[in-house]
Amino acid sequence: MPPSIMPNESHPAPNANRRRAAFFDRDGVLNEDIGFAHRPDQITWMPGAREAVKRLNDAGFLVFVVTNQAGVARGLYSEEHVRTLHRWMQQELHAVGAHVDAFYHCPHHPEHGEPPYRTDCACRKPEPGMLLQAMAEWPVEPKGSFLIGDRDTDLQAAQRAGIEGTLYRGGDLDAVVAGIVAGIMARSTDVG
Ligand SMILES: [Mg+2]
């Protein structure tokens with residue numbers, strides 16, 4: 001059991017088996033947003049992105065990617081492209097001792113493409129569906145969980161799922177995450 005989820009005598013976790021989670025938007029947060037990237041050669045990692053994931057792994061957080069991929073609805077690429085790209089990203093993360101626990105993508109768009117992808121879904125951010133799915137499939141403790149995104153719609157999804165959201169404006173993602181984690185840890189031992 002990682003140190004961060006050891007039960008604390010004075011402030012026991014609501015459920016000791018639950019873990020905090022970090023939700024990452026993908027394009028513009030983990031990798032540069034070039035618009036509809038769907039192949040490994042189109043991916044440039046943001047500075048500190050892989051290190052940030054490793055930091056969260058080491059701190060005992062579950063790590064999820066929640067990404068709108070309307071390029072599928074638009075017919076630009078397939079869901080298999082998305083899954084293959086995410087497997088490649090996972091391999092890249094493994095190379096630095098990091099991992100994502102699960103990738104969630106929304107292939108829909110309300111106005112573009114054809115059914116079934118053209119639909120008013122519950123997963124396209126700002127809807128919280130991908131976050132709620134992760135929280136249903138994994139033992140997530142919402143308190144102390146957070147999302148990092150580069151758009152307001154990411155933050156709206158976080159708010160609707162009942163977790164904190166941080167707007168990433170570029171720069172060293174590992175430094176941003178280190179600050180967020182320090183704040184969460186301070187609050188969790190601070191209450192009195
Ligand atoms: Mg983005």
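So, burial to begin with: in this predicted model, 38% of the 192 residues of the protein chain count as buried. Where do those buried side chains gather? Let me take the largest nonpolar core, which has 48 residues. The members that touch the most other members are Ala21, Ala22, Phe23, Val53, Val63, Phe64 and Leu131.

Let me stay with Ala21 for a moment. Leaving aside residues up to four places away in sequence, Ala21 touches Phe61, Leu62 and Phe64, and also Ala134, Val140 and Ser145. As for the chain as a whole, take the contacts between residues at least 6 apart in sequence: 66% of them join residues at least 24 apart.

Now, the overall layout. How many helices and strands does the protein chain have? There are five helices and five strands, and from the N terminus on they run β-α-β-α-β-α-β-α-β-α. The radius of gyration is 17 Å, close to the 16 Å that the globule rule gives for 192 residues, so the protein chain is as compact as a globular protein of that length. If you'd like the extents to go with that, the C-alpha trace spans about 55 × 35 × 25 Å along its principal axes.

On to the sheet, then. In what order do the five strands lie? Going across, the order is S3-S2-S1-S4-S5, in an open sheet with parallel pairing. Strand S3, residues 102-106, and strand S5, residues 164-167, stand at the edges; each has a single partner strand, so one side of each is left without a neighbour in the sheet. On average, and ignoring direction, neighbouring strands here are turned by 20° against each other.

Let's zoom in on the S5 edge. The strand that pairs with S5 is S4, residues 146-149, in the parallel sense and over four bridges. If you want a residue pair to look at on screen, try Ile148, whose bridge partner in S5 is Thr166.

Last stop, helix H5, which covers residues 173-190 and includes Arg187. Is Arg187 buried or exposed? We count 11 C-beta neighbours inside 10 Å, and exposed means 12 or fewer, so Arg187 counts as exposed. Remember Leu62, one of the residues that Ala21 touches? Arg187 and Leu62 are 125 residues apart in sequence, and from C-alpha to C-alpha they are 19 Å apart in space.

That's my tour, thanks for listening, and I'm happy to go back to any part of it!

Note on methods:
Residues numbered from 1 in each chain as written. Predicted model: local features only at pLDDT ≥ 70, side-chain atom pairs only at ≥ 80, totals over all residues. Pairing = 2+ DSSP bridges. Helix = DSSP H or I, 4+ residues; strand = E, 2+ residues; numbered from the N terminus. Axes fitted to C-alpha atoms, helices over the stretch in contact; angles between N-to-C directions. Rg over C-alpha atoms; globule rule 2.2 N^0.38 Å. Buried ≥ 20, exposed ≤ 12 C-beta atoms within 10 Å, placed from the backbone. Contact = placed C-beta atoms within 7 Å. Core = buried A, V, L, I, M, F, W, Y, C linked by C-beta atoms within 7 Å.
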